[in-house]
Amino acid sequence: MNYTSMMITGGAGFIGSNFLEYLLKDVGLTIPIVVVDLLSYCGNQENIKFAYEYPNVKFIKLDICNKAKMDEIAYFNRVDVIINFAAETHVDRSIWDSTPFLINNVFGTLTMLEVAKMRKVRRFVQISTDEVYGSLSDSEPGFTEEHLIKTNSPYSASKASADNFVQAYHATYGLDTVITRCSNNYGPRQFPEKLIPLLIMNANEGKDIPIYGDGKNVRDWIYVKDHCKGIYKALTDGKSGEIYNFGGECEKRNIDIAKLVLSKMGKNEDLIKYVTDRPGHDWRYAMDITKAKKELDWNPETSFEEGMGKTIDWYLSNKKWCDAVLCDEYKQYYAKQYGAKR
Ligand code: NAD
Ligand code: TYD
């Protein structure tokens, strides 16, 4: 797969910024890269501060739904691959209000597909999620790429709908597309509305650790850098029109993660507070990653022990980032979600 100029949308978010860092520091990519991000509540220009010293990287603050401007940027930067990370990403927020999920995730992806079609890009990579497959019981095998789409939250419904548009553009217009579907990521720069950073930041300040329901729901955890390596492999070696699952082969119950974080941080388990369950809470996610292993020669390399160690260290040594995140919007979010002050 040859390309000479890349666009990364949603690049100032958690996974997008880690992907950019992987490209610059590990792959050593020197082609022009234009990063576009609206800088919504969780997008943060600080997240890509490390890229300022790379002359091949340009940042533009823009909404991917703005077709005319996005097309102009793609045209003037001669973009020939687009990697679309931009999305509203939090299930709990989608339960309060699904409209931004329809707009940013579905209409936003459709807009980027139109730009890709007009500019005849060589490849469009859509970053999707295991959540489109729905929920597993304890005994079912992990999701393969052939598993039925069965969405339960407005978030997963919007991501599945975006995936369907990507596949429609491949079939109808012959656009070269690849969809990646990954399980739960953790690592540096994740916004603390998600479980692991919320646990670490609350534990660090001696605040309650809210656990939904009985805490026995299972997620398949992957260190973000392993996901980024997979996305890069899908971009370079993936087959057009295909879907690739990524996951950490690391299933954990939420309560066990909470206990592990507290013990690693030397905090008392009394901080754990069981709170009202999430409506429609998916019971278990687990990914079958045989296809990515075979066809992309990809494997998750970071153990949970190692990844959690790095993640906790990052939050503890980036106080400025954590303080900046605890802004008024976050405090309002927290009060609404947990009925508690933050
Ligand atoms: P994030 O919320 O940290 O980042 C999303 C970024 O998209 C933010 O920087 C935000 O400002 C930007 N954005 C949102 N709407 C935009 C718009 N209209 N125009 C431009 N930018 C916009 O999320 P993340 O965890 O980094 O997720 C990135 C992608 O990976 C998403 O598509 C998500 O569905 C997918 N994904 C996430 C996980 C996970 O565990 N976090 C797992 C699988 C897939
Ligand atoms: P989350 O990080 O929101 O990711 P997702 O819903 O996309 O899997 O949640 C991970 C799991 O942790 C999920 O089962 C919900 C649970 N959870 C809690 O128990 N307490 C919390 O405060 C949060 C944010 C999540």
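**Entry 1: Leu271**

I looked up Leu271 in this predicted model and found Leu271 in the loop between helix H8 (254-264) and strand S12 (272-275). Helices (H or I, at least four residues) and strands (E, at least two) are DSSP runs, numbered from the N terminus. I noted that Leu271 has a relative accessibility of 15% and therefore counts as buried; buried means under 20% relative accessible area, exposed over 50%, and partly exposed in between, with a 1.4 Å probe and protein chains only.

Which residues does Leu271 contact, leaving aside its neighbours within four places in sequence? I listed Ala203, Gly206, Lys207, Asp208, Ile209 and Leu262, where contact means heavy atoms within 4.5 Å. I also checked Leu271 against Pro154: the two are 117 residues apart in sequence, and their C-alpha atoms are 30 Å apart in space.

**Entry 2: Val34**

I next turned to Val34, which belongs to strand S2. Val34 has a relative accessible area of 2%, so I recorded Val34 as buried. With neighbours within four places in sequence set aside, Val34 touches Met6, Met7, Ile8, Lys58, Ile60, Ile73, Asn77 and Val79. Between the C-alpha atoms of Val34 and Leu62 I read 12 Å, for a separation of 28 residues along the chain.

**Entry 3: Positive phi angles**

Most residues other than glycine have a negative phi. I therefore noted Leu39, which is not a glycine yet has a positive phi of about 55°. Leu39 sits in the loop between strand S2 (33-37) and strand S3 (57-61). Is Leu39 buried or partly exposed? At 22% relative accessibility, I entered Leu39 as partly exposed.

I made a similar note for Glu249, also not a glycine, with a positive phi of about 50°. Glu249 is placed in the loop between strand S10 (242-246) and strand S11 (251-253).

**Entry 4: Aromatic rings**

A pair of aromatic rings is described by the distance of the centres and the angle of the planes. I searched the whole structure and obtained 20 aromatic pairs. Rings of Phe, Tyr and Trp (its six-membered ring) pair if their centres lie within 6.5 Å; planes under 30 degrees apart count as stacked, over 60 as edge-to-face and the rest as tilted. One of the pairs joins Tyr330 and Tyr333: the centres are 5.9 Å apart, the planes make 35°, and the pair is tilted.

Where do Tyr330 and Tyr333 lie? Both are in helix H12 (residues 328-338), three residues apart, about one turn of the helix. I found Tyr330 buried at 1% relative accessibility and Tyr333 buried with a relative accessible area of 2%. Ring pairs also link Tyr330 and Tyr333 into a cluster with Tyr41, Trp96, Phe191, Tyr212, Tyr334 and Tyr338.

**Entry 5: The whole protein**

I counted twelve helices and twelve strands in the protein. The radius of gyration is 19 Å, close to the 20 Å that the globule rule gives for 342 residues, so the protein is as compact as a globular protein of that length. The radius is taken over C-alpha atoms, and the rule is 2.2 Å times the number of residues to the power 0.38. The C-alpha atoms fill a box of roughly 55 × 45 × 35 Å along the principal axes. Of the 342 residues, 56% are buried.

**Entry 6: Conventions**

I numbered residues from 1 along each chain as its sequence is written, with chains lettered from A and ligands numbered from 1 in the order in which they are written. In this predicted model, local features need pLDDT of at least 70 and side-chain atom pairs count only at pLDDT 80 or more, whereas totals for chains, interfaces and linings use all residues; side-chain values use heavy atoms, with hydrogens and water left out.
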